[in-house]
Amino acid sequence: MPAITVDDTLVLPRIPRPDPAQSTPRPVAEVVTAHRQVEGGGFSVRRPFPGGLSFAGADPFLLLDHVGPQVNGPDEAKGAPWHPHRGFETVSYILDGEIAHHDTNGGGGVIAEGDTQWMTAGGGILHDELPTEKMYRGGGPSHAVQLWVNLPPALKMTPPRYQSITRDALRLLTSDDGGALIRLIAGFEGPGVTHTPIAYAHATVAPGAEISVPWDPAFSAMAYVLTGHGTVGPEGRPVEYGQLVVFGPGDHLVIRAADGRVEPLDVLLLGGLPIRAPIAHYGPFVMNTREEINQAIEDYQAGRLGIVPADQLAPRNFA
């Protein structure tokens with residue numbers, strides 16, 4: 001798993017191990033195994049929520065999709081053609097490979113290995129996410145996740161915004177013993193600017209190593225296993241690839257990679273301040289009332305969420 005790596009984690013700032021007299025580890029409340037779903041132009045994702053976990057349980061998040069890791073042959077890569085969004089933010093993190101995107105707010109470009117595309121749909125936007133011509137024609141590795149972050153009622157119609165977070169902008173940390181590489185995307189002084197207070201990070205934990213990550217007690221807390229095996233929580237609950245851990249209350253997260261394995265444990269760490277607002281949803285629209293959903297559909301059909309450029313109207317397999 002390339003993402004972004006370093007030759008020597010010991011040169012990075014270290015996360016001090018929490019003092020057990022002052023910090024309580026969060027117990028495991030639930031483990032959810034992601035279900036399979038077909039999305040976009042026909043690509044398969046693992047989705048731990050919604051479905052296995054309720055909107056209330058995932059608050060302030062709405063959806064997590066995991067693509068790969070896989071290797072596509074020539075002409076096999078698929079993407080998501082033009083589609084609308086309103087009422088939330090999409091966060092696309094590329095671990096391996098690359099995708100291209102366009103939107104009706106003037107954004108566009110290539111999201112490469114280790115990069116993050118943070119798009120605030122807010123009041124409404126149209127965009128696409130497709131393989132680059134290189135990835136489509138030549139094939140190659142593909143590994144990515146997309147997280148949907150809810151917006152509070154007062155910000156549902158905020159103007160669209162786009163952030164390009166390159167791999168070089170990520171803040172890198174290690175555990176107290178250097179056994180893990182932690183890439184901060186948002187929160188913990190990470191580069192992502194958020195409307196909703198959240199924490200989002202990608203940790204690679206060496207076989208047999210353990211991390212203890214301080215966590216805001218007011219935040220929800222989850223860990224999703226991208227690859228590998230390990231244990232979580234003070235009780236040492238076993239977890240593996242494609243499983244989401246929901247933690248109970250406490251002050252820090254404990255995650256350990258399994259001993260005796262070649263591959264490390266790769267996990268996403270995510271949580272945030274719950275919004276606790278009503279949710280009404282219909283496909284790519286997430287609002288607070290059914291009336292707002294009806295308005296979103298009407299606005300989309302009337303072209304008020306944006307117009308696809310004329311040179312982008314033809315069906316395409318790649319950007």
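These legends go with a set of close-up views of one predicted model.

Residue numbers start from 1 along each chain as its sequence is written, and side-chain values use heavy atoms, with hydrogens and water left out. Since the model is predicted, local features need pLDDT of at least 70 and side-chain atom pairs count only at pLDDT 80 or more, while totals for chains, interfaces and linings use all residues.

**View 1. The whole chain, before we zoom in.**
The protein chain holds 3 helices and 24 strands; helices (H or I, at least four residues) and strands (E, at least two) are DSSP runs, numbered from the N terminus. Its C-alpha atoms fit in a box of roughly 60 × 45 × 30 Å along the principal axes. The radius of gyration is 19 Å, which agrees with the value near 20 Å for a compact globule of 319 residues (taken over C-alpha atoms; the globule rule is 2.2 Å times the number of residues to the power 0.38). Of the 319 residues, 54% are buried, where buried means under 20% relative accessible area, exposed over 50%, and partly exposed in between, with a 1.4 Å probe and protein chains only. Take the contacts (heavy atoms within 4.5 Å) between residues at least 6 apart in sequence: 73% of them join residues at least 24 apart. The chain exposes about 13200 Å², with carbon and sulfur atoms supplying 54% of that area (Shrake-Rupley method, 1.4 Å probe; for residues, only the protein chains shown count as cover).

**View 2. The largest pocket and the strands around it.**
A pocket here is an open set of points on a 1 Å grid over the protein atoms alone, with protein on both sides within 12 Å along at least five of seven lines; a cavity is a set where a 1.4 Å probe fits but cannot get out, and lining residues have an atom within 4 Å of a point. The largest pocket takes up about 780 Å³, a volume being the space filled by probe spheres set on the points, with grid points joined across faces, edges and corners. Its lining runs to 39 residues, and F43, V67, G79, A80 and E129 lie nearest the centre. Strands β3, β4 (61-72), β5 (80-85), β6 (88-96), β10 (125-131) and β11 (140-150) each put at least two residues into the lining. The most comes from β11, with 7 residues. By type, the lining splits into 17 nonpolar, 14 polar and 8 charged residues (Ala, Val, Leu, Ile, Met, Phe, Trp, Tyr, Cys and Pro count as nonpolar, Asp, Glu, Lys and Arg as charged, and the others, Gly among them, as polar).

**View 3. A closed space inside the protein.**
The count comes to 1 cavity of 30 Å³ or more. About 50 Å³ of space lies in the largest cavity. Look for I15, P16, R17, S175, D176, I211 and S212 along its lining, which divides into 3 nonpolar, 2 polar and 2 charged residues.

**View 4. L53 and two cis prolines.**
L53 sits in the loop between β3 (43-49) and α1 (55-58), and at 5% relative accessibility L53 counts as buried. Setting aside residues up to four places away in sequence, L53 touches E30, V32, P48, A58, M222, L244 and V246. L53 and A34 are 19 residues apart in sequence, with their C-alpha atoms 9.4 Å apart in space. P50 is also in the loop between β3 and α1, and a cis peptide bond joins F49 and P50, with omega about 0°. On the other side of α1, P60 lies in the loop between α1 and β4; the bond from D59 to P60 is cis too, with omega near 15°.

**View 5. F188 and E189 in the loop between β14 and β15.**
F188 belongs to the loop between β14 (180-186) and β15 (198-205), and E189 is found in the loop between β14 and β15 as well. Phi is positive in F188, near 50°, and in E189, near 70°. Most residues other than glycine have a negative phi, and most peptide bonds are trans. F188 is partly exposed, with a relative accessible area of 31%, whereas E189 counts as exposed at 68%.

**View 6. D299 in the helix α3.**
D299 is part of helix α3 (residues 290-301). With a relative accessible area of 8%, D299 is buried. Beyond its neighbours within four places in sequence, D299 is in contact with R86, R304 and L305.
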